[in-house]
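Please look through the sequence and the model below before reading on. The paragraphs after it are meant to be followed with the structure open beside them.

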Amino acid sequence: MAVSPYVQAMQELFRANTRSREFPAHGAKVHSVAWSCCGRRLASGSFDKTASVFLLEKDRLVKENNYRGHGDSVDQLCWHPSNPDLFVTASGDKTIRIWDVRTTKCIATVNTKGENINICWSPDGQTIAVGNKDDVVTFIDAKTHRSKAEEQFKFEVNEISWNNDNNMFFLTNGNGCINILSYPELKPIQSINAHPSNCICIKFDPMGKYFATGSADALVSLWDVDELVCVRCFSRLDWPVRTLSFSHDGKMLASASEDHFIDIAEVETGEKLWEVQCESPTFTVAWHPKRPLLAFACDDKDSKYDSSREAGTVKLFGLPNDS
């Protein structure tokens, strides 16, 4: 099979930029990493109850601030889709917090009904959706910080996301299904049987053409947004797929699990582009919004000082070999 020109070009690029570097971020394991919309900053959330923000300077991350205030683990975070200064964190302490990197202060604390495990910001920036361990999803007005709607689901809700057009809301569930609701009405549109087991994560590509889901069956499936049909599967991982990220041009898909590598695939063919070696399971991956640079965090132990201690580092892959 002939390798596509894109695959060839990216493989050449990664051969020259094959370095991963790690940067100390937290005192315990990192659950979530995310880039601001402009790509200048990377935020991380940790089991140590804090969030950290780094500035990307040339080929390294420089820690800018640590954000304290949560009373429990920061399980997930995300940035405002178009304002590069705002991000929001979801915690097991039954709150979400909105932060402004210019003041380093928490500009809002919103109380929720349960221990929060997933969060996303709507593409129009107006709403934040947060899901908790009791499978309740709360929709919060990003300006007034008040709850606009709340939905209790009868299944295990794993990850949540709007489509890029902001008119549908997607949930992955414990029965291997993708549930699609109209937005803002929140009326059920469709339930897709996507996987034979627990459907864990979901991501939309920046171009609005596809979305991908990762499952406990170790498969990643790619779906056509308009037709809602599965176009192809990626099957190089052996463990439940925990995290996914599309590159800025929508042409690469990174997926990770307890396998000791991150798979990078070409979206259009499913071909393997690259494999990023890791020493332990990977919890979270995020492509930079403008360049082929991948941030990720693993379940690392701090071998240098104390092998029982969690390292709490954030990693970058795609750096020049001579950097």
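What follows is a walk through selected strands, one loop residue and several aromatic rings.

The model is a predicted one, and every value quoted here was computed from it. A convenient place to begin is the open sheet whose four strands come in the order 6-7-8-9 with antiparallel pairing. Its edges are strand 6 (74-79) and strand 9 (105-111), each of which pairs on one side only, and from one strand to the next the twist averages 20 degrees. Inside this sheet, strand 7 (residues 86-91) and strand 8 (residues 95-100) are paired in the antiparallel sense over five bridges, and leucine 86 has aspartate 100 in strand 8 as its bridge partner.

This region also carries an annotation, since UniProt, in an unreviewed entry, places the feature "repeat: WD" at residues 67-109 and 192-226. Over residues 67-109 the chain is 56% strand and 0% helix, with the end C-alpha atoms 13 Å apart. For residues 192-226 the corresponding figures are 54% strand and 0% helix, and there the end C-alpha atoms lie 14 Å apart.

Histidine 195 deserves a closer look, and its place is in the loop between strand 17 (188-193) and strand 18 (199-204). Is histidine 195 buried or exposed? Its relative accessibility is 7%, and histidine 195 therefore counts as buried, the cut-off for that class being under 20% relative accessible area. When neighbours within four places in sequence are left aside, histidine 195 is in contact with Asn175, Gly176, Thr213, Ser215, Asp217, Leu219 and Ser221. With one of these residues, threonine 213, there is a polar contact from side chain to side chain at 3.1 Å. Asparagine 179, which is 16 residues from histidine 195 along the chain, has its C-alpha atom 12 Å from the C-alpha atom of histidine 195.

Further along the chain comes strand 23 (residues 252-256), which is mostly covered, with five of its five residues buried. Met252, Ala254 and Ala256 point one way from the strand while Leu253 and Ser255 point the other way, and all are buried. Strand 23 pairs in the antiparallel sense with strand 22 (residues 243-246) over four bridges, and in that pairing alanine 254 of strand 23 is the bridge partner of serine 245. The hairpin of strand 22 and strand 23 has five residues between the strands, and in it glycine 250 takes a positive phi near 75 degrees. Strand 23 also pairs with strand 24 (residues 261-266), again in the antiparallel sense over four bridges, and methionine 252 stands opposite glutamate 266 in strand 24. These two strands, 23 and 24, form a hairpin with four residues between them.

Strand 27 (residues 294-298) can be read in a similar manner. Five of its five residues are buried, so strand 27 is largely enclosed by the rest of the structure. Leu294, Phe296 and Cys298 point one way from strand 27, Ala295 and Ala297 point the other way, and all are buried. Five bridges join strand 27 to strand 26 (residues 282-287), and the two run antiparallel; here valine 285 stands opposite phenylalanine 296, and the hairpin that the two strands form has six residues between them. Three bridges join strand 27 to strand 30, also in an antiparallel arrangement, where leucine 316 of strand 30 is the bridge partner of alanine 295.

Strand 30 leads on to the aromatic rings, of which a search of the whole structure finds 17 pairs. Phenylalanine 14 and phenylalanine 317 form a tilted pair, with 5.2 Å from centre to centre and 45 degrees between the planes. This pair links distant parts of the chain, as phenylalanine 14 is in helix 1 (residues 5-16) and phenylalanine 317 is in strand 30 (residues 313-319), 303 residues apart. Both phenylalanine 14 and phenylalanine 317 are buried.

How are the rings of phenylalanine 139 and phenylalanine 169 arranged, and why is that pair edge-to-face? Their centres are 4.9 Å apart and their planes stand at 70 degrees, so the pair is edge-to-face, a class that requires planes over 60 degrees apart. Phenylalanine 139 lies in strand 12 (residues 136-141) and phenylalanine 169 in strand 15 (residues 168-173), so the pair ties together parts that are 30 residues apart in sequence. Phenylalanine 139 is buried with a relative accessible area of 2%, and phenylalanine 169 is buried with 0%. Finally, Phe14 and Phe317 belong with Trp274 and Trp287 to one aromatic cluster.

Notes:
Residues numbered from 1 in each chain as written. Predicted model: local features only at pLDDT ≥ 70, side-chain atom pairs only at ≥ 80, totals over all residues. Heavy atoms only, no water. Buried < 20%, exposed > 50% of the residue type's maximum accessible area, 1.4 Å probe, protein only. Pairing = 2+ DSSP bridges. Axes fitted to C-alpha atoms, helices over the stretch in contact; angles between N-to-C directions. Contact = heavy atoms within 4.5 Å. Polar contact = N/O pair within 3.5 Å; in protein donor to acceptor, adjacent residues only side chain to side chain. UniProt positions renumbered as here; feature names shortened; annotations may be inferred. Phe/Tyr/Trp six-rings, centres within 6.5 Å; stacked < 30°, edge-to-face > 60°.
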